[in-house]
Amino acid sequence: MVSMLITGSSIFTGKELIRDGYVFIEDGKIKEVGIQPVPDEISEPSLVLGGKGRIIAPSLTAIADISTFLIRFFNLKMNKRIELYKMLSKKDLFTLSLPSIYELNMHGVTTIFAESIDVSYIIDLQDKLGGFFGIAAPSCIDNISVPPSLSGKIEVSGYGCDGKGISEDSNDYLTLLGKRSYNLSKIENVYEKSEKIRALAGLPPNIIKENNKAEIVVYDTSRPPAMNYYKGTLDYIKNIYNENAIIESLLAGEDVLIDIGGHLRIGQKHLSEAESLIEKIVNNSKFQQILA
């Protein structure tokens, strides 16, 4: 049995603010949320995280075009991205997605609805990297079925791919399609927009409470940036997602994706492989035809 104990100066549960609290997790589920001191019966957890000056908060759910992130400066519209997905192999799509997942995790995202026309490499990403994945299926592509192991399917629409799905330009959800950056600092109501995606996909709200799956981000606001942010009111602290605060730890069920500010699943070797691959792709004649 894997157990984790997180302590913090402030816990934003998604509903309320708890000062000087703790969260106890067993086998990926939240077993107890309370006010310090930690009860004696919670002894010798497998992992202890957090500390003074930390803010514990629900992690995020986002829609993103993860396999085209490295070429975002080409400003590919949805119809062009779909052409690229058709051109690339499953292995290439997997490799190109790694820098995007790294960056999304570093912004506190643990559930990613990846724009894709191929479910198989998304399953591989979840199996090999941890975290949670669903499919953002272009509405102009038929017959994309999603297995129960993933977090579901959401339809998306955009230029050259009309339909009833969420528009790639929508500001109503945490939609990061065709963006030049995954930075959240200029997006209002980040948590609320994240929760709207979960509701649309039929996922339970991501709230820090007993018996919920642990999807948690721990911010270190004991030092800049966002130093002393943990002392704010509820209305203040629930906007921590916008403050570029240091993410010290990121949990998705039993998976620790980030610890001590470093990514535990994606390293420099993976990022270098993706960079080398994208250089080959942009010089490929087929890619030049897609741009034309």
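Two strands are taken to pair if DSSP finds at least two bridges between them, and helices (H or I, at least four residues) and strands (E, at least two) are DSSP runs numbered from the N terminus. The model described here is predicted, so local features need pLDDT of at least 70 and side-chain atom pairs count only at pLDDT 80 or more, while totals for chains, interfaces and linings use all residues. Residues are numbered from 1 along each chain as its sequence is written, and side-chain values use heavy atoms, with hydrogens and water left out.

A good place to start is the open sheet, in which 6 strands follow the order S9-S8-S7-S6-S5-S10 with parallel pairing. Its edges are strand S9 (166–167) and strand S10 (175–176), each of which pairs on one side only. Within the sheet, strand S7 (residues 132–138) and strand S8 (residues 153–157) run parallel over 4 bridges, and Ala 137 stands opposite Glu 155 in S8. Helix H3 (residues 120–129) packs on this sheet and touches strand S6 (109–115) and S7, contact meaning heavy atoms within 4.5 Å. The direction of H3 makes about 160 degrees with that of S7; axes are lines fitted to C-alpha atoms, for helices over the stretch in contact, and angles run from 0 to 180 degrees between N-to-C directions. Helix H4 (residues 190–201) also packs on the sheet, touching S5, S6, S8 and S9, at about 75 degrees to the direction of S5.

Turning to the hairpins, strand S12 (residues 246–252) and strand S13 (residues 255–259) are antiparallel over 4 bridges, with Leu 250 partnered by Ile 258 in S13. The turn of this hairpin has 2 residues between the strands, and Gly 253 there has a positive phi of about 65 degrees. S13 also pairs with strand S14 (residues 262–263) in the antiparallel sense over 2 bridges. In the turn of the S13 and S14 hairpin, Ile 260 has a positive phi of about 50 degrees.

The loops hold further backbone features. A cis peptide bond joins Gln 36 and Pro 37, with omega of about 10 degrees, and another joins Pro 224 and Pro 225, with omega of about -5 degrees. In the loop between S7 and S8, Asn 143 has a positive phi near 60 degrees. Asn 143 is exposed, with a relative accessible area of 79% (buried means under 20%, exposed over 50%, partly exposed in between; 1.4 Å probe, protein chains only).
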